[in-house]
Amino acid sequence: MEENIFINDMAADEARSYFCRTDAYFDMELPPYFNLQPLLEFAFSKVEEMSVKDICDWKPMKHEGLNYTLMFNKDGDFGWRPFELMHPVIYAKCIDLITQEENWKIIRDRFSRFSNGIVECCSMPVVVPDRGENPKKQQILKWWKSIEQRSLELSLQYSHVSLTDVSNCYPSIYTHAIAWAVYGRSDAKKWRFEKKKLGNQIDELIRSSREGQTNGIPQASLLSHLLAELILGYCDTYIDEKLKDKKGIVILRYRDDFRIFANSDADCAGGLKAVSECLHMFGMKLGASKTERTSNVVLGAVKQDKIDALSLTRRQTTLQKELLIIHRFCCRSPGSGATKFLIKEFLDRLERRLPKNAWKIENPIVLSAILLDIAAKTPAVFPAVATTISKIMKYLETDERERLFSLVVQRTKRIPNNGYMEIWLQRIAAPNYINFSSAEPMCGLLEDGVSQSLWANQWIENEPLRQALDKYSIIDRSILVDLPPDIQNEEFDAFWNGQEPS
């Protein structure tokens, strides 16, 4: 297995270029005609000429909607997560700031100081310089090797493990903790009003994009993951200090997930207490409902839903029976990451059967109904579900295709905060020349055929810059010309290929 390259391994200029990629700016899957890189490169070219003070003097904190929020349904009901596309100017200035040679050295040095303690950080963002590869795939492999496999190894040394995570992590992070992580808490407080300090400048830019809020950082970008790692890595040093006299405890941390290994319930409880107390200093708390303890480390090392998925008898005489088995799994384990693997495996078998007449014994409406109920319970698999439905539609007559799509839209509209789903439904509708309307603004970018901005730009006092941003399109219409009627697997599944449930 190749050695991972982490973002903090890169030189400053390499990191700057990498942060400018679409998949670094927003790490959720989007249809291929969304291309944010030209806009980001334009923003970078402009902010190099501006200071943080220049931007903040325009008083962005007083305006709403600087960041665009894409609502993502978590459970098919009323659970949701806001994914934020940071305002390109604010994002570009943050990157311009942290990747200046001196500042990048400070950040890399801080990460070096956070290592080699009781807490092992296993979640430093992995980067893939080759644009043909997907960074998510490497990040998942990193999780598998550093968390699951490492946990199994530790079962030889430890008899107990406690598993827990931070409740609502990114929205809970205290933005002033960015400066604490950069300089140390006492120095950061001493320099709180020195606006030219790196930590204070990043803090101010993040707050400027979010109406001055000090609670929370945007989710779904490499920048956010880097800042979260910086803060949680600094928090790790406090945990190390609290547990320095404790022997026989090891803690694995993958971003906001903690696994505490020890040889007694008492030591595991002591580790949990230390983690909880230190997180509180940074505005975060553990999720009590997700905290588990077990005296069987092998059992605790592998998620129960993964074991359940591996034990399913998935090959059946009909596609419908296969889907019903996956559906039952989703009902028992809603939101499970293993569902991605199960749907991908189903899609592979479907594609082998579709060219054959044998599949015609199946009812496409029933297959789609089951698929959509699976997506409702585990919305993260919707790109794969949309792909599967688009493959089925390809083999239907025009009137049957339109009827099926209409029913799919009706079902999806019953799910609250379904904007992300509608983006993928539009991907099906556009090349099939099916009318589709959506209230999701990102869908509106494709429908109108006129360049428009997702972000509020009225705060920008530089009129040529504001006008340019208002008109800058993030839709690559050249891709729309030859867009296949069915979603291609590489549009969404580069990191699922060959993977076991995780």
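This is a short tour of the nonpolar cores and the cysteines in a predicted model.

**Stop 1: the main core.** Start by selecting Ile7, Phe19, Tyr91, Ile98 and Ile251. These residues have the most contacts inside the largest nonpolar core, a set of 157 residues. Next, colour helix α12, which spans residues 222-242. With eleven residues, helix α12 gives the most to this core. Now show domain 1 (5-301) and domain 2 (304-432) in two colours: both give residues to the core, so it lies between them.

**Stop 2: around Ile251.** Centre the view on Ile251 and bring up its surroundings, setting aside neighbours within four places in sequence. Ile251 is in contact with Ile118, Val119 and Glu120, with Ile239 and Leu243, with Phe258, Arg259 and Ile260, and with Val275.

**Stop 3: another core.** Select Ile147, Val161, Leu163 and Val250 next. They are among the twelve residues of a second, separate core.

**Stop 4: two cysteines.** Finish with Cys121 and Cys122, shown as sticks. How exposed or buried is each of them? Cys121 is partly exposed, at a relative accessible area of 35%, whereas Cys122 is buried, at 4%.

Why is there no bond between their sulfurs? The closest cysteine sulfur to that of Cys121 belongs to Cys122, and the distance is 6.5 Å, too far for a bond. Starting from Cys122, the closest cysteine sulfur is that of Cys121, again at 6.5 Å and too far. A disulfide needs the two sulfur atoms within 2.5 Å. Searching the whole structure turns up zero disulfides.

Key:
Residues are numbered from 1 along each chain as its sequence is written. This is a predicted model: local features need pLDDT of at least 70, side-chain atom pairs count only at pLDDT 80 or more; totals for chains, interfaces and linings use all residues. Side-chain values use heavy atoms; hydrogens and water are left out. Buried means under 20% relative accessible area, exposed over 50%, partly exposed in between (1.4 Å probe, protein chains only). A nonpolar core is a set of buried Ala, Val, Leu, Ile, Met, Phe, Trp, Tyr and Cys residues joined through side-chain atoms within 4.5 Å. Helices (H or I, at least four residues) and strands (E, at least two) are DSSP runs, numbered from the N terminus. Domain bounds come from an automatic or database domain assignment. Contact means heavy atoms within 4.5 Å.
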